[in-house]
Amino acid sequence: MKIILNQDVPNLGEEGDVCVVKDGYARNYLLPTGAAVLYNKNNLAVFKSRAAAIEKRKAEKRAASADLKQRLDEVKLHIVVAAGESGKLFGSVTSAMVQQELAKLGFEIERKRIEVATHTIKMTGNYTARVHLYENESSVITLIVESEADVKAAEKAAEKAAKEAAEKAAKEAAEAAPAAEEEKAEN
């Protein structure tokens, strides 16, 4: 069956494309959802009149995709999850978790566009995930999967070091204060 796409359909085409698909796919999915209309003279004339607007939207989508790709290529996500001493996770890192972390950074990306290598990550370490953008463009982001226990231990060590530094500075200030008072007294 010959149809004209009303919107972008993954693995089929973009808005305004004329495609030949199986009858059942058109009747049961594309036509009822409004993703496509039948190919006939009237519908073809409507799409030809909208051709300039469609091309403008495609150009805007390509530009937005290029900008998003540039920003995403620089992203390194730190994902903290519960893990055992050996580094094996209690659960796994999925595309939904990656989507949530990206949302915290201000990126609104659909979960189905995120492809986590080997589908799920089950060990701590460094991984990559691919984000599919417009057309054939995609971006690769770096995932750093860390154990909650390791992160908490590092935070405690940093707090202890900060506390020791503050105590040392206070001790040095206390020792320096009598010496400064003696100098004032001599002058």
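The paragraphs below go from the overall form of the chain to its salt bridges and then to one glycine in a strand.

The model is a predicted one, and its secondary structure comes to five helices and nine strands. Read from the N terminus, these elements follow the order β-β-α-β-α-α-β-β-α-β-β-β-β-α. The chain is more spread out than a compact globule, because its radius of gyration is 29 Å, well over the 16 Å that the globule rule gives for 187 residues. Taken along the principal axes, the box that the C-alpha atoms fill is roughly 105 × 45 × 20 Å.

Several totals for the chain add to this picture. Of the 187 residues, 25% are buried, and the accessible surface comes to about 12700 Å², with 52% of that area belonging to carbon and sulfur atoms. Among contacts with a separation of 6 or more, 52% are accounted for by residues that lie 24 or more positions apart. As for charge, the chain has 28 positive and 30 negative charges, and the mean positions of these two sets are 14 Å apart.

Which side chains bring opposite charges together? The count of salt bridges comes to 12, and one of the pairs is formed by the side chains of Glu14 and Lys58, with an N to O distance of 3.3 Å. This pair links distant parts of the chain, since Glu14 sits in the loop between strand 1 (2-5) and strand 2 (18-20), whereas Lys58 belongs to helix 3 (residues 51-73), 44 residues away. Both Glu14 and Lys58 are buried; for Lys58, the assignment follows because its relative accessibility is 9%, and buried means under 20%.

Lys58 also meets the side chain of Glu55 in a salt bridge, here at 3.7 Å from N to O. Because Glu55 and Lys58 are three residues apart in helix 3, about one helical turn separates them. Glu55 has a relative accessible area of 45%, and so counts as partly exposed, while its partner Lys58 is buried.

Elsewhere in helix 3, Arg71 forms a salt bridge with Asp67, and the closest N and O atoms of this pair are 3.8 Å apart. Arg71 and Asp67 are four residues apart, about one turn of the helix in which both lie. Are these two residues buried or exposed, or do they fall in between? Arg71, at 42% relative accessibility, counts as partly exposed, and Asp67 is likewise partly exposed, with a relative accessible area of 40%. A network of salt bridges that share partners, in turn, joins Glu14, Asp17, Glu55, Lys58 and Arg62.

The last stop is Gly125, which is found in strand 8 (residues 125-132). Because its relative accessibility is 23%, Gly125 counts as partly exposed. Which residues does Gly125 touch once its neighbours within four places in sequence are left aside? Gly125 is then in contact with Leu143, Ile144 and Val145. For one of these partners, Ile144, the C-alpha atom is separated from that of Gly125 by 5.9 Å, although the two residues are 19 positions apart along the chain.

Technical notes. Residues numbered from 1 in each chain as written. Predicted model: local features only at pLDDT ≥ 70, side-chain atom pairs only at ≥ 80, totals over all residues. Heavy atoms only, no water. Helix = DSSP H or I, 4+ residues; strand = E, 2+ residues; numbered from the N terminus. Buried < 20%, exposed > 50% of the residue type's maximum accessible area, 1.4 Å probe, protein only. Contact = heavy atoms within 4.5 Å. Rg over C-alpha atoms; globule rule 2.2 N^0.38 Å. Areas by Shrake-Rupley, 256 points an atom, 1.4 Å probe, with all protein chains shown as cover. Lys, Arg positive; Asp, Glu negative; His and termini not counted. Charge placed at Lys NZ, Arg CZ, Asp CG, Glu CD. Salt bridge = Lys/Arg side-chain N within 4 Å of Asp/Glu carboxyl O.
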